[in-house]
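Q: I'm new to this one. Could you take me on a close look at a single part, the strand in the middle of things and what sits around it?

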Amino acid sequence: MENPEQTHDFVATTCMHLGRPCPAAERMLRALAGALDRARAVTRDDFEISGDSQLDGCEKACPARFAASHDRIRVFCDVSATTETETLDRFADAMLSPDMADLSARSAAEVPRAFGEARPLSLTRAETIVPM
């Protein structure tokens with residue numbers, strides 16, 4: 001298996017509890033990227049897994065929701081169990097895409113305290129990374 005940093009582009013927001021990206025969320029992103037990389041040979045292109053978890057590694061131990069496919073992996077930290085995944089995706093899209101519309105006032109109350117995303121590197125970008 002390749003190192004996830006060599007196969008994926010990672011983005012993380014600042015955790016409102018820690019004041020920096022959440023190391024537990026980053027570990028989860030790397031683990032999901034590695035698992036999807038290993039599963040690629042035995043899954044279809046539209047394979048997706050999602051679920052809820054508890055992030056350990058800091059005193060807050062936030063609940064987290066994740067959605068992972070071969071195209072994109074997202075981890076949302078400290079979200080309510082009632083928050084709709086579509087709201088979380090709109091938030092992430094708005095954070096990562098400058099051309100996206102602003103969030104509504106209703107959905108702004110449901111945004112995660114932090115989130116991370118990993119996307120596979122394009123072949124041309126992956127070829128430029130030299131393993132250490």
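A: Here is a walk along one strand and its surroundings. This is a predicted model, where local features need pLDDT of at least 70 and side-chain atom pairs count only at pLDDT 80 or more, while totals for chains, interfaces and linings use all residues. Residues are numbered from 1 along each chain as its sequence is written, and side-chain values use heavy atoms, with hydrogens and water left out.

Our strand is E4 (73-77); helices (H or I, at least four residues) and strands (E, at least two) are DSSP runs numbered from the N terminus. Let's begin with the largest nonpolar core, which has 18 residues. A nonpolar core is a set of buried Ala, Val, Leu, Ile, Met, Phe, Trp, Tyr and Cys residues joined through side-chain atoms within 4.5 Å, and buried means under 20% relative accessible area (exposed is over 50%, partly exposed in between; 1.4 Å probe, protein chains only). Ile73 and Val75 are among the residues with the most contacts inside this core, together with Leu32 and Leu55. Strand E4 supplies at least two residues to the core, as do helix H2 (23-39), strand E3 (63-69) and strand E5 (114-120). The biggest giver is H2, with seven residues.

Val75 shows that mix nicely. Leaving out residues up to four places away in sequence, Val75 touches Ala25, Met28, Leu29, Leu32, Ala64, Arg65, Phe66, Ala114, Phe115 and Gly116, where contact means heavy atoms within 4.5 Å. Apart from this core lies another one, of six residues, including Phe76, Val79, Phe91 and Ala92.

Those last two bring in helix H3: Thr87, Leu88, Phe91 and Ala92 are buried there. They sit on the same side of H3, because they cover an arc of only 135° around the axis (the arc is that of the directions from the helix axis to the C-beta atoms).

Back on the strand, meet Arg74, which lies in E4. Arg74 counts as buried because its relative accessibility is 1%. Its contacts, beyond neighbours within four places in sequence, include Asp89, Ala92, Asp93 and Leu96, along with Gly116, Glu117 and Arg119. With Glu117 there is a polar contact too, side chain to side chain at 2.3 Å; that term means a pair of N or O atoms within 3.5 Å, and within protein, one must be able to donate a hydrogen and the other to accept it, with residues adjacent in sequence counting only if both atoms are side-chain atoms.
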